[in-house]
Amino acid sequence: MAYIRLDSLAFEHNLNTISHHIASTIQSAPELALVLKDNAYGHGLTQIASLAHSWGIQSVFVKNYAEAMQIYELFPVITTLYGEVPYDAPSNIWHSIASLAELEAMLAWFPDKACGYSTQAMLKNSPQEVSKIPSIPYQRTIELKVNIGMNRNGLAADELDSALMLLERSPHIRLGGVFAHNGYGDNDDRGFMQSIQRFYAIKQRVLLWSERNHIPRPRFHSLSTSGALRFYAQQRELCKEWRLDSALFDDIVRIGIGAYGYHTSDVPLHIQLRPVASLWAKKISSLFLKKGERIGYGGVSKVRKDGVFSTYDVGYGDGLFRLSGSEGRLFCASGEEILPVMSMDNFSCQSEKKEICVFDDVRGWAQTFRTIPYVILTHLSPFLPRVVV
Ligand SMILES: *Cc1c(COP(=O)(O)O)cnc(C)c1O
């Protein structure tokens, strides 16, 4: 059966390299948090979580509650990026809130609604009155997402005060973090620094609020792989040029693709990362074919020279993109050409190997299918076995 090999040394190398790259220019480096969403970018959630735990990762980000429940015992903080979290979920599972409406809905579904305090009532009543709400054992921690220029999701800057006011008055919700997604990390664009400036302005407002209300300071974060690598490499110059106060640096960085061995930045990053996943397939059968004979559906591939051709047990049903013949040529890691048309469960190439490495770096696949490594990786079927080496 085909399987995915996970190179634990490459994974460690990536985390060490990224952590060194970020820490080398500043005194108190941000914590390195790992993004494990979408089955750890197709690598296998539980396998990568366990490697991350061994490395010392403390905070992770997952897609939803179902993913969080598979790994919550391994980390002090697991934040779900999407969907809901039940009020009685393990308390180290934090829930991100991406709009005012979502926050209001969350307040409304707490079981103490029976006490007569709806969101509206909380807004109308004084905090003293609201604090009379009998304490119940449930308290959920949230991370509030704010929009800083990507204009995709997150609270608008002018909704922040309403959100903070709701939080002040809710005994059941604790603000664990405030975060944003800088959508310009990959591009050489002013938008990157403008987004950072916007986030710093939001940070200042939240810090003032937390001091004024004696509410513990939440954590702040806004950078993913390319943004973090780029920002910390030249933070001194950037702080000067954009008048940023280094006291307001983020507390954590959210590293996704870099941990898995890739980055897609247009800006040179001067970092060597190693792909973690490689895909291996096993031979199903071999056949001697003569020049001119054809292989597979529709006979798209014609044999150019007599030789032995074999079929291997992985195809588009396992999450690979289907090679039809019009995309350009595609090769296995050891150089054998993958012959179109790819089938659901297998592909053919000229080889007699018992086991073949389909890829050990998905950049070639991404190029052939005019997409990015993220797409190739996240499509990998969760049913392929993962083997950590
Ligand atoms: C996916 C994601 C990341 C990670 O981005 P990379 O480019 O893979 O490092 C960070 N933050 C959020 C909110 C994300 O959704």
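The paragraphs below lead through a predicted model, beginning with its sheet and moving on to the helices that pack on the sheet or on each other.

The sheet is open and is built from 8 strands with parallel pairing, and reading across it gives the order β8-β7-β6-β5-β4-β3-β2-β9. At its edges lie β8, residues 219-221, and β9, residues 252-255, each of which pairs on one side only. From one strand to the next, the twist averages 30°.

One pairing within this sheet can be followed residue by residue: strand β2, which covers residues 31-35, joins strand β3, which covers residues 59-62, in the parallel sense over 2 bridges. Valine 35 has its bridge partner in β3, namely phenylalanine 61.

Helices also pack on the sheet. Helix α5, residues 100-108, touches β5 (93-97), β6 (140-145) and β7 (173-179), and the direction of this helix makes about 135° with that of β5. Helix α8, residues 160-168, likewise packs on the sheet, where it touches β6 and β7, and its direction makes about 175° with that of β6.

A further contact joins two helices. Two packed helices are described by the angle between their axes and the distance between the axes. For helix α1 (residues 8-23) and helix α10 (residues 225-233), the angle is about 35° and the axes are 8 Å apart. On the α1 side the contact is made by Ile18, His21 and Ile22, while α10 contributes Ala228, Leu229, Tyr232 and Ala233. Sorted by character, the residues of this contact of α1 with α10 comprise 6 nonpolar and 1 polar, with no charged residue.

Key:
Residues numbered from 1 in each chain as written. Predicted model: local features only at pLDDT ≥ 70, side-chain atom pairs only at ≥ 80, totals over all residues. Heavy atoms only, no water. Pairing = 2+ DSSP bridges. Helix = DSSP H or I, 4+ residues; strand = E, 2+ residues; numbered from the N terminus. Axes fitted to C-alpha atoms, helices over the stretch in contact; angles between N-to-C directions. Contact = heavy atoms within 4.5 Å. Nonpolar A, V, L, I, M, F, W, Y, C, P; charged D, E, K, R; others polar.
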